[in-house]
Amino acid sequence: MIPSTTGLRSVPGTRAAGATAPEAAAGASTRADLRQILTVLRGEFGTGSRWPADSGFEIMAGAVLVQRSSWRNAQRSLERLRRAGALDPAVMLLMDDGTLAGLIRPSGFMTGKARSLRALAAWVTSGPGRSATALDDETLRACLLALPGIGPETADVISLYAYHRPRFIWDAYARRMLSAAGYPVGRDYEATRARLEDALAGEALSAAEHQELHWLVVTAGGAVRAEGWERYLDRLLTRPGPGSRRRPEQDVAH
């Protein structure tokens, strides 16, 4: 657990499974807020957040292709799609299933991913997809989740990077980080989102800040394997610097 002397603040309305009210109250006073974590990770890794893509549809395609694959292999598939002109959704829709599946072979699970890519291409060129920028955040997420092969994490990544909606990405790296920072994470992506989304939304991070935080958490995740998130955050939050200044405790909801 992160020490309470590092300027942490409480998150109301959350309790770890099995915790008593006094235990939950004690834990609530020692949680690092997202802005503080963002600040100390910026100090460690610098700034950066841009998803490597030239269009919104390329972001969507990358989010599908990286499922159960490495980003390196997803990039290989994206490059093959680019050379074939298939990062234009209208061109992709003209391809037969075998051709599309062959182009994305490097990222694996070609049949299912080809189906998802084709569904996204049809959606962005249809009425609902063309007007997606006018949809509220929850409706946009629901529309994406209704497409084949688009799960919660992929829908949130697309919302965040392609549509610039302020979405926290509750992936495994983020859940480990949140747990080390004192948050009662759930058993998986959606359970954690349901438990913590309203509380963390009170910090009002912009879409750009969420993008940067996602990049920093993933970057840090590869660097903390030996040390572990708990010791890593403890070290960053207690060392002198802008991320370690004490602040009065306050609720996340402003």
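Helices (H or I, at least four residues) and strands (E, at least two) are DSSP runs, numbered from the N terminus. The model is predicted: local features need pLDDT of at least 70, side-chain atom pairs count only at pLDDT 80 or more, and totals for chains, interfaces and linings use all residues. Residues are numbered from 1 along each chain as its sequence is written, and side-chain values use heavy atoms, with hydrogens and water left out.

**Exercise 1. Describe the fold of the protein chain in terms of helices, strands and burial.**

Step 1. Count the elements: the protein chain has 14 helices and zero strands.

Step 2. Turn to burial. Of the 254 residues in the protein chain, 49% are buried (under 20% relative accessible area; exposed is over 50%, partly exposed in between; 1.4 Å probe, protein chains only).

Step 3. Look at contacts (heavy atoms within 4.5 Å). Among those in the protein chain with a separation of 6 or more, 67% are between residues 24 or more positions apart.

**Exercise 2. Locate the largest pocket and state what lines it.**

Step 1. Fix the terms. On a 1 Å grid over the protein atoms alone, a pocket is an open set of points with protein on both sides within 12 Å along at least five of seven lines, whereas a cavity is a set where a 1.4 Å probe fits but cannot get out; lining residues have an atom within 4 Å of a point. Grid points are joined across faces, edges and corners, and a volume is the space filled by probe spheres set on the points.

Step 2. Give the volume: the largest pocket holds about 600 Å³ of space.

Step 3. List the lining. It has 23 residues, and those nearest the centre are Trp51, Val66, Trp71, His214 and Val218. Helix 10 (152–161), helix 11 (172–180) and helix 13 (207–223) each contribute at least two lining residues.

Step 4. Sort the lining by class: 12 residues are nonpolar (Ala, Val, Leu, Ile, Met, Phe, Trp, Tyr, Cys and Pro), five are charged (Asp, Glu, Lys and Arg) and six are polar (the others, Gly among them).

Step 5. Place the pocket. Domain 1 (34–49 + 169–238) and domain 2 (56–163) both give residues to the lining, so the largest pocket lies between them. The domain bounds come from an automatic or database domain assignment.

**Exercise 3. Find which helices line the second largest pocket.**

Step 1. Its volume is about 210 Å³. The lining has 13 residues, with Pro166, Phe168, Glu197, Ala201 and His210 closest to the centre.

Step 2. Helix 9 (137–145) and helix 12 (189–201) each supply at least two residues of this lining. The largest share, three residues, comes from helix 12.

Step 3. By class, the lining has eight nonpolar, one polar and four charged residues.

**Exercise 4. Compare the burial of the residues in two salt bridges, Asp156 with Arg167 and Arg187 with Asp188.**

Step 1. A salt bridge is a side-chain nitrogen of Lys or Arg within 4 Å of a carboxyl oxygen of Asp or Glu. The structure holds 16 of them.

Step 2. Asp156 and Arg167 meet at 3.9 Å, N to O. Asp156 is in helix 10 and Arg167 in the loop between helix 10 and helix 11, 11 residues apart. Asp156 is buried because its relative accessibility is 1%, and Arg167 is buried at 4%.

Step 3. Arg187 and Asp188 also meet at 3.9 Å, N to O. Arg187 is exposed at 75%, and Asp188 is partly exposed at 31%.

Step 4. Asp156 and Arg167 belong to a network of salt bridges that also includes Glu138, Arg141, Glu190, Arg193 and Glu197.
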